[in-house]
There are 2 protein chains.
Amino acid sequence: MEYRVLGKSVLKKDAAEKATGRAKFGGDFLFPDLLTGKVLRSPIAHGRIVKIDTRRALALPGVKAVVTHEDTPHQLVGRWVKDRTILAWEQVRFIGDPVAAVAAVDEETAEEALQLISVEYEELPAVFDIADAEGPGAPLVHERLAKYECESAHFHPKGNLLAETHLTLGDVENAWAHCDAVWEDTYRTPVVHQGFIQPHEVTAASDASGRITVWTSSKAPFIVRQAVSQGLNIPMSRLRVIAAAVGGDYGGKGTAQIEPLCVLLAMKSGKPVRLALTREEELSFTFMREATITRLKIGARQDGALLALQGQITYDTGAYCDLVGHLDMSCVLLHGPYRIPHVDITARRVYTNNSPRGHMRAPPAPQPVFALESHLDMVARKLNMDPIEFRLKNAYDEGDRMPTGARVANPGIKETLKRTQEFLREQQKKALEPNTGWGVAACQWGGVPITASGASRDRRSAVSSAWVKINDDGSIVLLTGATESGGGPLTILCQIVAEVLGVGYDDVSVIASDTDGTPYEIGTGGSRTTVRVGNSVRQAAEDARRQLFDLAASKLKVTVGDLVTVGGRVYERGHSDKGLSLAELASLAINERGAPILGTGAELRRAEVQAGKDEENWLDAPMHGAHAVRVQVDPDTGMVTVKDYFACHDVGFAIHPQNVEGQIQGAVATGLGCALYEEVITDKGRSLNPNLSDYRLPTTSDVMPVQMEIVEIPSRTGPFGAKGIGEPPIIPVAPAIANAIYDATGVRLTQLPMTAERVYMGMKGKKG
Amino acid sequence: MEYRVLGKSVLKKDAAEKATGRAKFGGDFLFPDLLTGKVLRSPIAHGRIVKIDTRRALALPGVKAVVTHEDTPHQLVGRWVKDRTILAWEQVRFIGDPVAAVAAVDEETAEEALQLISVEYEELPAVFDIADAEGPGAPLVHERLAKYECESAHFHPKGNLLAETHLTLGDVENAWAHCDAVWEDTYRTPVVHQGFIQPHEVTAASDASGRITVWTSSKAPFIVRQAVSQGLNIPMSRLRVIAAAVGGDYGGKGTAQIEPLCVLLAMKSGKPVRLALTREEELSFTFMREATITRLKIGARQDGALLALQGQITYDTGAYCDLVGHLDMSCVLLHGPYRIPHVDITARRVYTNNSPRGHMRAPPAPQPVFALESHLDMVARKLNMDPIEFRLKNAYDEGDRMPTGARVANPGIKETLKRTQEFLREQQKKALEPNTGWGVAACQWGGVPITASGASRDRRSAVSSAWVKINDDGSIVLLTGATESGGGPLTILCQIVAEVLGVGYDDVSVIASDTDGTPYEIGTGGSRTTVRVGNSVRQAAEDARRQLFDLAASKLKVTVGDLVTVGGRVYERGHSDKGLSLAELASLAINERGAPILGTGAELRRAEVQAGKDEENWLDAPMHGAHAVRVQVDPDTGMVTVKDYFACHDVGFAIHPQNVEGQIQGAVATGLGCALYEEVITDKGRSLNPNLSDYRLPTTSDVMPVQMEIVEIPSRTGPFGAKGIGEPPIIPVAPAIANAIYDATGVRLTQLPMTAERVYMGMKGKKG
């Protein structure tokens with residue numbers, strides 16, 4: 001199929017605004033009487049609030065509002081698990097739990113006011129380690145958890161265990177006896193931050209009639225609207241949430257973290273309020289990626305066939321859980337894109353008094369896949385097999401059954417592994433430098449039947465809608481609730497509209513992310529925007545085209561089936577001289593029907609499994625990729641330098657190749673940080689490195705260019721065959737590097753980040 | 001029919017914002033780098049531009065842009081008649097014609113820059129009087145008029161005559177012989193300003209990608225978008241026009257007067273620009289109500305039956321015409337709501353070198369109706385008949401044929417006259433003060449079959465569309481392109497939504513007047529918002545209700561026909577316990593169909609006359625009213641004081657009675673100003689009184705309370721029977737006062753305004 005607009009790296013719609021620094025972010029909205037908001041947070045990890053006295057703060061000149069739980073409806077909030085409060089009203093559960101907030105004329109006054117609020121706590125014993133949290137007599141993080149409203153059937157709260165899921169196939173216990181190689185190990189990953197440069201910031205203003213507008217750094221304005229509406233009992237019709245430009249999201253800006261507080265301050269003060277987190281707050285108190293412990297045991301036959309996998313992954317969810325209950329996904333992820341007849345996997349979430357946890361790019365995949373793909377390497381070595389041959393032997397083919405029952409459709413796992421193999425063959429012709437090694441790892445993302453996904457049970461997670469307007473001059477406006485979080489989704493959506501309507505890319509403008517002015521959308525994320533939002537946009541554009549054709553057919557006296565739309569004109573195929581321009585048709589629509597053409601589209605994956613329609617039963621088409629990396633390890637310091645990086649991903653169809661490459665390059669950079677540098681270090685719940693000097697994000701001097709290869713095995717459900725790409729490339733980075741370090745040093749690192757110290761200690765231990 | 005929300009004077013949606021001074025008008029949008037725009041205008045009334053030199057202005061520090069015609073596409077612009085330019089490129093045609101514009105860091109610098117632009121003109125002979133303009137050898141205002149593109153078939157440009165329309169019935173010339181009373185006179189009306197307090201102001205900003213946002217004082221954002229798009233060759237998809245709060249419109253803010261210039265400055269400077277007119281510019285150069293001369297001759301039989309009417313009305317349209325070509329309407333208006341068998345009316349528009357003319361409340365009615373209703377009084381007196389009895393004898397009944405052929409449907413003329421008669425009977429029981437007199441006058445508005453309306457030929461004038469969104473919490477948002485210009489239309493539209501959907505008025509929010517976020521709408525005006533926009537809103541709400549009922553029927557297993565929606569719940573009639581809330585249904589829609597409920601509606605009156613469907617053939621249902629006024633005339637000074645004012649109007653159904661009363665009170669106040677005080681006085685095209693000291697608007701000390709009576713004879717086409725009310729009440733004010741002055745003094749004033757001086761001179765002339 002030859003496309004005119006798709007498959008081309010057109011100029012991104014947001015490029016000029018961002019490149020010139022003119023884009024407006026959540027804190028860039030000016031008002032003459034704008035106040036600054038600040039949050040007072042709990043200094044203790046667990047305790048009861050005895051008394052809050054705000055009188056001295058209120059008396060400070062320049063303070064316009066002080067709010068405590070008494071200003072909130074006393075109800076639990078949370079997108080999936082309603083386990084937290086806008087402001088603590090009985091207990092605080094982590095160092096940083098919001099207790100009060102102020103709005104004042106400037107930042108200094110607001111800070112001073114925080115000092116003047118006195119809060120009396122009765123301290124309770126706290127727990128910071130997931131092993132302790134499940135131990136006998138452990139302090140309960142949520143005393144009344146059983147009463148909490150959980151939206152998902154996945155949650156079975158019991159003590160500090162929030163949720164647990166099992167995946168079993170065959171008979172693992174008896175399978176070990178048939179294995180020729182068995183490997184067992186335990187893997188640990190730390191808390192990491194999403195790494196966006198713009199901290200959370202939001203501005204809220206209430207008009208005199210009580211209508212509230214919120215400009216937010218969130219990528220999901222409809223989710224924010226829902227959270228503010230539910231948390232503060234404000235009807236959605238009085239709330240307008242606009243996603244301003246987003247300075248990086250990576251999963252951290254998909255739910256309402258500070259918006260309800262900001263709205264509360266705006267309502268209380270009667271003035272516009274800007275609330276922005278400091279870097280210290282970001283790195284201490286926001287919803288970051290969870291720490292995990294994974295125990296894994298895998299067995300295979302001598303011929304390389306995987307026979308059995310037993311695993312348990314436990315996520316430290318902190319004091320509150322802001323994640324969708326995708327423990328089913330964790331099980332599938334720990335299983336990987338491989339045929340394994342005997343499986344016994346448990347995934348668990350445990351509360352502690354650490355700061356709460358949320359989404360980060362590809363949740364909850366990097367942690368189990370670090371374990372799995374490191375582990376496979378060890379099994380392959382035991383079998384003396386090439387690690388790619390080993391994976392290829394076990395990887396899914398078309399029609400294989402997933403452990404959850406659905407059949408695999410159009411998988412890219414083997415093709416990406418083969419391309420990686422070819423790359424490595426070329427590379428291995430070169431001479432090896434000293435202290436270097438190669439590692440590979442693969443990944444599967446989205447390969448979850450909808451029945452096994454937490455998201456699917458709350459079906460709304462799978463909802464997108466779009467409108468395509470044809471203005472009376474024939475120009476096109478796409479309206480979508482999706483947000484430009486940086487990866488270029490709006491550009492791709494415009495390409496789809498242009499392709500369907502037969503106009504140029506520049507003829508399509510996009511209005512996005514405004515709960516009043518754009519259609520309902522669950523938010524940009526989950527590697528679903530091109531695919532799911534794309535489908536709704538394609539439908540909307542096709543609906544608009546159908547209306548254009550209906551009008552044109554009656555005017556031109558031809559049948560709809562013979563019409564084409566090319567270059568902004570609709571005409572009978574082969575008779576381009578006898579046609580009507582989109583401007584003429586748009587005016588006809590207004591003059592003859594009373595309204596311009598509005599095409600609508602809605603995308604919904606149903607949770608009901610449809611027999612015989614396996615491809616319909618995927619939440620998204622499975623996305624596969626394989627990476628290869630060459631590292632050099634300094635034998636004196638343990639410092640790891642990445643020398644070569646190769647990433648191959650199946651994206652179904654690359655609508656915008658440069659965006660695909662950008663996603664891969666960016667995700668590998670983040671994965672590199674998580675593999676080698678990043679860790680939020682805490683002591684009894686208190687962050688010890690909440691700044692960008694001590695929390696070590698990779699910089700331009702750390703990040704290497706990635707050699708990329710794009711595979712296009714079309715999806716059956718994405719628009720024009722497209723699959724997602726936002727998340728997969730972060731997943732295999734850490735295990736690929738771990739495998740390369742092993743290849744270079746013989747040291748198996750099972751804990752992230754793989755700092756120079758840990759590598760050095762590993763090398764020393766091996767020698768010792 | 002018992003309504004829950006309709007017919008009640010609920011709190012206006014914009015009340016709090018306006019009352020607290022927090023509403024944002026077109027000039028209230030702040031940017032750190034906001035520039036001030038200023039316009040350089042022609043100092044001569046007619047001339048050729050020889051040379052423009054902007055170099056010295058550009059060199060002035062702080063000047064960021066200077067634009068002349070060279071920065072514009074050289075094309076003619078105008079909504080109905082394309083006869084003007086954004087910036088003059090060959091000729092200037094009135095004192096004030098825009099020649100250049102600047103944007104600078106502040107107002108002083110912008111003013112100084114204007115002084116530094118040198119323009120060399122070659123002056124041409126000018127013409128300021130419509131009689132002169134049609135005389136032999138008159139200078140041509142538009143030398144190349146015949147080439148101009150006129151959108152309406154009404155225009156037959158010839159010399160300085162822009163347009164001419166005739167209405168003939170029967171045989172006037174032979175009819176005079178059968179008349180027992182004949183009266184002939186000539187009436188004159190001056191140029192008047194719409195009288196809004198907020199001058200035109202607009203802010204425009206272009207983003208780095210070239211998308212332009214315009215915040216305007218206009219009530220018609222889609223018209224502004226069209227004008228800017230056409231005038232500057234910008235695709236509509238790159239233009240977002242938002243109607244900010246409007247500080248009074250009264251017809252003067254319905255087309256683009258300064259928006260294209262402001263956008264041009266924003267594009268040239270690359271910065272946001274605010275352009276606001278001064279009061280002097282407002283009262284000198286904007287599109288105000290035209291001066292007219294009307295010759296009228298009417299004959300009647302002794303029994304009071306009108307037999308013949310011959311009239312000619314000529315409008316001085318100034319240098320450019322910004323009005324719809326409703327000369328047909330002028331003919332119908334000069335004919336009035338009366339049966340007259342023999343008619344010969346001509347209506348004409350003539351160009352002069354006066355400033356251009358546009359719409360003002362009830363265009364073009366007050367001028368012909370001043371003549372007609374004054375004249376009828378004189379004929380009644382000749383016949384020695386009571387003026388109301390005389391009108392009642394001739395007034396339309398149901399089914400009468402209009403001169404244009406359509407049948408009169410549900411007229412309110414007789415009922416409003418009778419109520420006025422009753423009022424007068426009560427009043428006349430009181431003792432008469434000295435030097436006082438009573439006058440009455442009636443009016444018809446909108447009583448024009450669509451085939452006879454200029455608006456109908458450009459069918460787009462009759463287009464409204466609306467969307468009703470049901471949010472996922474069941475709250476309702478109405479999206480409309482209509483603008484809150486002060487009369488409360490948005491409030492009424494929300495009442496309609498609440499009534500149809502069975503929710504409370506407060507449960508409905510409205511988002512309005514944003515070309516990107518709200519549906520297409522031609523603009524608030526023409527007394528059509530409640531009626532025409534109201535119909536589209538009713539359709540949209542009914543469409544949303546149908547979708548709610550479809551969902552509910554399938555869930556509740558009942559048939560749609562048995563469902564009702566009351567108090568935010570949908571249930572089977574008689575079984576309110578078994579139902580679903582709107583929140584539940586809205587969530588169902590999202591979860592089962594992938595998108596929230598969106599109801600759409602579109603209103604279009606077709607220009608084709610449909611046989612046998614007379615009520616369908618009206619542009620709007622005819623609106624009728626009758627006024628009675630008692631004045632006292634100071635015999636020493638001629639000063640006229642209004643002592644009592646009574647206004648009775650048929651509004652079909654008063655959806656918001658307080659709004660109806662507000663429209664009547666406000667329109668009578670404006671009518672009073674036009675009757676007694678207001679006139680733009682010019683000398684060779686130069687305004688001599690461009691300030692609010694010398695241009696005498698009525699103040700609170702002039703305006704009397706109006707006694708009002710509302711008649712409700714339902715329209716067959718308006719929502720719930722409603723007819724319009726915005727314009728009719730201004731129409732009869734001047735003739736009612738003229739008739740009262742005659743009653744008090746015996747002086748017939750045929751020229752507006754009826755200043756103390758003119759009344760005094762009349763009394764003196766009568767004595768002398």
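In the predicted model described here, strand 20 (residues 508–512) of chain B is largely enclosed by the rest of the structure, because 5 of its 5 residues are buried. The enclosure extends to both faces of strand 20 of chain B, with B:Val508, B:Val510 and B:Ala512 buried on one side and B:Ser509 and B:Ile511 buried on the other. Strand 20 of chain B is joined by 5 bridges to strand 19 (residues 476–480) of chain B, and the two strands run parallel; within this pairing, B:Val477 has B:Ser509 as its bridge partner in strand 20 of chain B. Between the two strands the chain passes through helix 14 (residues 489–501) of chain B, and the resulting β-α-β crossover from strand 19 to strand 20 of chain B is right-handed.

A helix that is likewise enclosed was examined in chain A. Helix 9 (residues 327–335) of chain A has 9 of its 9 residues buried and is therefore largely enclosed by the rest of the structure. The buried residues of helix 9 of chain A comprise the nonpolar residues A:Leu327, A:Met329, A:Cys331, A:Val332, A:Leu333 and A:Leu334, together with A:Asp328, A:Ser330 and A:His335. An α-helix has 3.6 residues a turn, so residues three or four places apart point the same way. Just after helix 9 of chain A, the backbone at A:Gly336 adopts a positive phi of about 80 degrees. In chain B, B:Asp328 is placed in helix 9 (residues 327–335) of that chain, and B:Asp328 counts as buried because 24 other C-beta atoms lie within 10 Å, where the cut-off for a buried residue is 20 or more. B:Asp328 is separated from B:Arg361 by 33 residues in sequence and, from C-alpha to C-alpha, by 17 Å in space.

At the level of the whole chain, chain A contains 19 helices and 29 strands. For its 768 residues a compact globule would have a radius of gyration near 27 Å, and the value of 27 Å found for chain A agrees with this expectation. Taken along the principal axes, the C-alpha atoms of chain A fill a box of roughly 85 × 70 × 50 Å. Buried residues account for 63% of the 768 residues in chain A, and, among the contacts in chain A with a separation of 6 or more, 80% are between residues 24 or more positions apart.

The two chains were then compared as copies. Chain A is superposed on chain B by a rotation of 180 degrees with 0.0 Å of shift along the axis, at an RMSD of 0.0 Å, which means that the relation is that of a two-fold axis. The same surface serves both copies, in that 100% of the contact residues of chain A recur in chain B. Among the residues of chain A, A:Gly517 comes closest to the rotation axis, its C-alpha lying at 2.2 Å. The contact involves 44 residues of chain A and 45 residues of chain B. On the side of chain A that touches chain B, two or more residues each are given by helix 1 (15–19), helix 6 (221–232), strand 18 (463–470), strand 19 (476–480), strand 20 (508–512), helix 16 (582–593) and strand 24 (597–604) of chain A. The residues of that side divide into 16 nonpolar, 13 polar and 15 charged.

Several loops carry backbone geometries that merit separate mention. Most residues other than glycine have a negative phi, and most peptide bonds are trans. In chain A, a cis peptide bond with omega of about -10 degrees joins A:Leu752 and A:Pro753, and A:Pro753 is found in the loop between helix 18 (733–745) and helix 19 (756–767) of chain A. In chain B, the peptide bond from B:Pro363 to B:Pro364 is cis, with omega near -5 degrees, and B:Pro364 lies in the loop between strand 16 (342–351) and helix 10 (366–382) of chain B.

Positive phi values in residues other than glycine include that of B:Asn410, near 45 degrees, and that of B:Lys557, near 55 degrees. B:Asn410 belongs to the loop between helix 11 (387–394) and helix 12 (413–427) of chain B, and B:Asn410 counts as partly exposed because it has 19 C-beta neighbours inside 10 Å. B:Lys557 is found in the loop between helix 15 (529–556) and strand 21 (563–566) of chain B, and with 9 other C-beta atoms within 10 Å B:Lys557 is exposed.

Note on methods. Residues numbered from 1 in each chain as written. Chains lettered and ligands numbered in written order. Predicted model: local features only at pLDDT ≥ 70, side-chain atom pairs only at ≥ 80, totals over all residues. Least-squares fit on C-alpha atoms with pLDDT ≥ 70 in both. Contact = placed C-beta atoms within 7 Å. Helix = DSSP H or I, 4+ residues; strand = E, 2+ residues; numbered from the N terminus. Rg over C-alpha atoms; globule rule 2.2 N^0.38 Å. Buried ≥ 20, exposed ≤ 12 C-beta atoms within 10 Å, placed from the backbone. Pairing = 2+ DSSP bridges. Right-handed = clockwise from strand over helix to strand, strands pointing away.
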